[in-house]
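Here is a short briefing to read alongside the model. Have the viewer open as you go, and look out for contacts between side chains.

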Amino acid sequence: MSRIGYSPVSIPEGVTVDLTDDTITVKGKLGELKQTFQEITIKIEDNEITFERPSDKKTHKAKHGLYRSLVYNMIEGVTKGFTKELELVGVGYRASNQGQKLDIAVGFSHNIVIDLAPEVKLETISEKGKNPIIKLSSFDKQLVSQVAAKIRSFRRPEPYKGKGIRYVGEYIRRKAGKSA
């Protein structure tokens, strides 16, 4: 059983945390995030946020750790930010961007064009002899991970040749294929 909910979250300098009856708001140099909560008591004392659950029920235990992790990610996001990198592996796979529009060619008859949220910063890196890389960064961990998963879902890496869109550093388990 995880006991992550018991560890307090420290508030760094430059971050303000406001607590209303069912919403916590975190403001920092990169942005502002809000999260609603229920059934868990949140207290702010001496630049530390503590979380208490009313009982040892299974739902209370789950929410105890969940809200602690969400608030920790909010504080990390407004101070440092989060980055996800996707790699396009395959012959003729390309990625380019014009502002917040991502244009990827991954083997379909037409290119896929995606409009990204303004909170997500987009950068594409194409070097000769290397796979194209899509770099997504934002202060909202949930949003940047969701956008990266959506982009990856257009062409998941397949186990025979390893072609597809994968996270940088992701290991793809390979299969042998047919033997003649």
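A salt bridge is counted here when a side-chain nitrogen of Lys or Arg lies within 4 Å of a carboxyl oxygen of Asp or Glu. By that rule, Arg152 and Glu170 form a salt bridge, with their closest N and O atoms 2.7 Å apart. The model is predicted, and the mean pLDDT of its protein chain is 93.

**Confidence**
- In the protein chain, 98% of the residues reach a pLDDT of 70 or more.
- Among the elements, strand S12 (residues 133–138) has the highest mean pLDDT, at 97, while S5 has the lowest, at 93.

**Domain record**
- An unreviewed UniProt entry lists "domain: Large ribosomal subunit protein uL6 alpha-beta" for two stretches, residues 11–81 and 89–167.
- In residues 11–81, helix makes up 31% and strand 34%, and the end C-alpha atoms lie 15 Å apart.
- In residues 89–167, helix makes up 16% and strand 38%, and the end C-alpha atoms lie 10 Å apart.

**Salt bridges**
- How many salt bridges does the rule give? The count comes to eight, and three of them are described in this briefing, starting with Arg152 and Glu170.
- Arg152 belongs to helix H2 (residues 141–153) and Glu170 to the segment after strand S13 (164–167), so their salt bridge ties together parts that are 18 residues apart in sequence.
- Arg152 is buried, at 16% relative accessibility, whereas Glu170 is partly exposed, with a relative accessible area of 23%.
- Lys63 and Glu39 also meet through their side chains in a salt bridge, at 3.4 Å from N to O.
- This pair links distant parts of the chain, with Lys63 in helix H1 and Glu39 in the loop between S4 and S5, 24 residues apart.
- Is Lys63 buried or exposed? Lys63 has a relative accessibility of 19%, and the cut-off for buried is under 20%, so Lys63 counts as buried.
- Its partner Glu39 is partly exposed, with a relative accessible area of 41%.
- Asp115 and Lys101 form another salt bridge through their side chains, at 3.8 Å from N to O.
- Here the linked parts are strand S10 (residues 112–115), which holds Asp115, and strand S9 (residues 101–105), which holds Lys101; the two residues are 14 residues apart.
- Asp115 counts as exposed at 57% relative accessibility, and Lys101 as partly exposed at 40%.

**Aromatic pair**
- A search of the whole structure turns up one aromatic pair, formed by Phe37 and Tyr67.
- Which geometry does this pair have? The rings are edge-to-face, with 6.5 Å from centre to centre and 70° between the planes.
- Phe37 sits in the loop between strand S4 (32–36) and strand S5 (41–45), and Tyr67 sits in helix H1 (residues 58–79), so the pair ties together parts that are 30 residues apart in sequence.
- Both Phe37 and Tyr67 are buried.

**Charges over rings**
- Arg155 lies over the face of Phe108, at 4.4 Å from the ring centre.
- Lys84 lies over the face of Tyr167, at 5.4 Å from the ring centre.

Technical notes. Residues are numbered from 1 along each chain as its sequence is written. This is a predicted model: local features need pLDDT of at least 70, side-chain atom pairs count only at pLDDT 80 or more; totals for chains, interfaces and linings use all residues. Side-chain values use heavy atoms; hydrogens and water are left out. UniProt positions are given in the numbering used here, feature names are shortened, and annotations may be inferred rather than shown by experiment. Helices (H or I, at least four residues) and strands (E, at least two) are DSSP runs, numbered from the N terminus. Rings of Phe, Tyr and Trp (its six-membered ring) pair if their centres lie within 6.5 Å; planes under 30 degrees apart count as stacked, over 60 as edge-to-face and the rest as tilted. Buried means under 20% relative accessible area, exposed over 50%, partly exposed in between (1.4 Å probe, protein chains only). A charge sits over a ring if NZ of Lys or CZ of Arg is within 6 Å of the ring centre and within 35 degrees of the ring normal. pLDDT is the predictor's confidence in each residue, from 0 to 100.
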